[in-house]
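User: I am new to reading protein models and would like to learn how to go from the overall fold down to single residues. Could you take me through one, giving the general idea before each case?

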Amino acid sequence: MLNVLKSVGLDHYIFKSYYKTLIVLYIIAAIIGIISQIPIITVSVVIAISAPFIGTIFSVYEKNNLNKLYGILPIGKHEVVIGRYLYALFFVIINGIVSGVLAYVISLFVNKEMSQLEILTYLSASLLFFILYIAIDFPLFFKFTFSKIYVLTNLPFYLLFVIGFFIVKKTDTLKNLTQIIQYFTDHQNMIWVIGIGLGLILLCISVPLSCAIYKRKEL
């Protein structure tokens, strides 16, 4: 466990010079929250963009040939992989807290109260999206060169968003979801259960897969 935490610390040290760009992300998210009059969407924007942003740590790793550094450190390959996932989760949690505070400030500014259902829905959906991203892309980044696969790995997420937007706009999907929405309105805790439950399932599949891929790649 100590080596896993050391791996998390190494990832933080490697990536910390990029943290200053998060200020731009917070500004963009705040503007969207103010314009849309939906303060909690600020958190969703930050978390959604944090997903591909954290993936660029693999680019930093490759550009600086850090595989040589990791090769001489007394840290196992599976500990490097687990540390990378933990670092990503710590990263999104911290960004979620900061953007949550920002969303609260925006709600006061635009005089728009955030309901518990609204908060749970946006947070759960955003967290699930983040976990889905790293669960799918991290094994690919451990397997292939980041620069060659980055665009390809992000394309499905953009297509999914466009297709989903088109379906919602051109059909009666939202009206057909009335009963489902009403159910979650009456059972708000189920939103967290589904979001976190599906996220854990994805991680339980992705982490062992990345460990196997990274170990075989190094060999």
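User: Let us begin inside a helix: in which helix is Ser206 found, and is Ser206 buried or exposed?

Analyst: Please keep in mind that this is a predicted model. Ser206 is found in helix H11, which covers residues 189–218. Ser206 has a relative accessible area of 2%, and because anything under 20% counts as buried, Ser206 is buried. Its side chain is joined to the side chain of Tyr85 by a polar contact of 2.5 Å. Once neighbours within four places in sequence are left aside, Ser206 is in contact with Tyr85, Ile134, Ala135 and Pro139.

User: How should I describe the chain as a whole, and how many helices and strands does the chain have?

Analyst: The secondary structure comes to 11 helices and zero strands, so that reading along the sequence gives the pattern α-α-α-α-α-α-α-α-α-α-α. The chain has 219 residues, of which 37% count as buried. Among contacts with a separation of 6 or more, 83% are between residues 24 or more positions apart.

User: What can I learn from the length of a helix, and what span should helix H7 have?

Analyst: It helps to start with the geometry: an α-helix has 3.6 residues a turn, so residues three or four places apart point the same way. Helix H7, residues 116–143, has 28 residues and should span 40 Å at 1.5 Å a residue, and the distance of 41 Å between its end C-alpha atoms agrees with this. H7 also bends by about 30° at Asp137, with the proline Pro139 following within four residues. Helix H6, residues 77–109, can be read in the same manner, for its 33 residues reach 48 Å from the first C-alpha to the last, close to the 48 Å expected.

User: How do I recognise a nonpolar core, and which residues have the most contacts inside the largest one?

Analyst: In soluble globular proteins, nonpolar side chains tend to be buried together. Here the largest nonpolar core has 44 residues, and those with the most contacts inside it are Ile54, Tyr85, Phe130, Ile134, Phe138 and Phe142. At least two residues of this core come from each of helices H1, H2, H3, H4, H6, H7, H8 and H11. H6 gives the most, with eight residues. To look at one of the core residues in detail, take Phe138, which touches Ile54, Gly55, Phe58, Arg84, Tyr85, Ala88, Tyr133 and Ser210 when residues up to four places away in sequence are not counted.

User: How is a pair of aromatic rings read, and how are the rings of Phe58 and Phe138 arranged?

Analyst: A pair of aromatic rings is described by the distance of the centres and the angle of the planes. The count for this model comes to 11 aromatic pairs. In one of them, the rings of Phe58 and Phe138 have centres 5.1 Å apart and planes at 75°, so the pair is edge-to-face. Because Phe58 lies in helix H4 and Phe138 in helix H7, the pair ties together parts that are 80 residues apart in sequence. Both Phe58 and Phe138 are buried. Elsewhere, Phe15, Tyr18, Tyr19, Phe53, Tyr87 and Phe91 form one aromatic cluster.

User: How do I compare separation in sequence with distance in space, and how far apart are Val4 and Ile82?

Analyst: Place the two numbers side by side. Val4 and Ile82 are 78 residues apart in sequence and 6.6 Å apart in space, C-alpha to C-alpha. Val4 is found in helix H1 and is buried, with a relative accessible area of 7%. Apart from residues up to four places away in sequence, Val4 touches Glu79, Ile82, Gly83 and Leu86.

User: Finally, what does the backbone angle phi tell me, and what is the phi of Asn111?

Analyst: Most residues other than glycine have a negative phi, and most peptide bonds are trans. Asn111 has a positive phi of about 55° although it is not a glycine. Asn111 is placed in the loop between H6 and H7 and counts as exposed, at 73% relative accessibility. Gln37, also not a glycine, has a positive phi near 65°. Gln37 is found in the loop between H2 and H3, and at 35% relative accessibility Gln37 counts as partly exposed.

Key: Residues are numbered from 1 along each chain as its sequence is written. This is a predicted model: local features need pLDDT of at least 70, side-chain atom pairs count only at pLDDT 80 or more; totals for chains, interfaces and linings use all residues. Side-chain values use heavy atoms; hydrogens and water are left out. Buried means under 20% relative accessible area, exposed over 50%, partly exposed in between (1.4 Å probe, protein chains only). A polar contact is a pair of N or O atoms within 3.5 Å; within protein, one must be able to donate a hydrogen and the other to accept it, and residues adjacent in sequence count only if both atoms are side-chain atoms. Contact means heavy atoms within 4.5 Å. The expected span of a helix is 1.5 Å times one less than its number of residues. The bend at a residue is the angle between axes fitted to the seven residues ending there and the seven starting there. A nonpolar core is a set of buried Ala, Val, Leu, Ile, Met, Phe, Trp, Tyr and Cys residues joined through side-chain atoms within 4.5 Å. Rings of Phe, Tyr and Trp (its six-membered ring) pair if their centres lie within 6.5 Å; planes under 30 degrees apart count as stacked, over 60 as edge-to-face and the rest as tilted.
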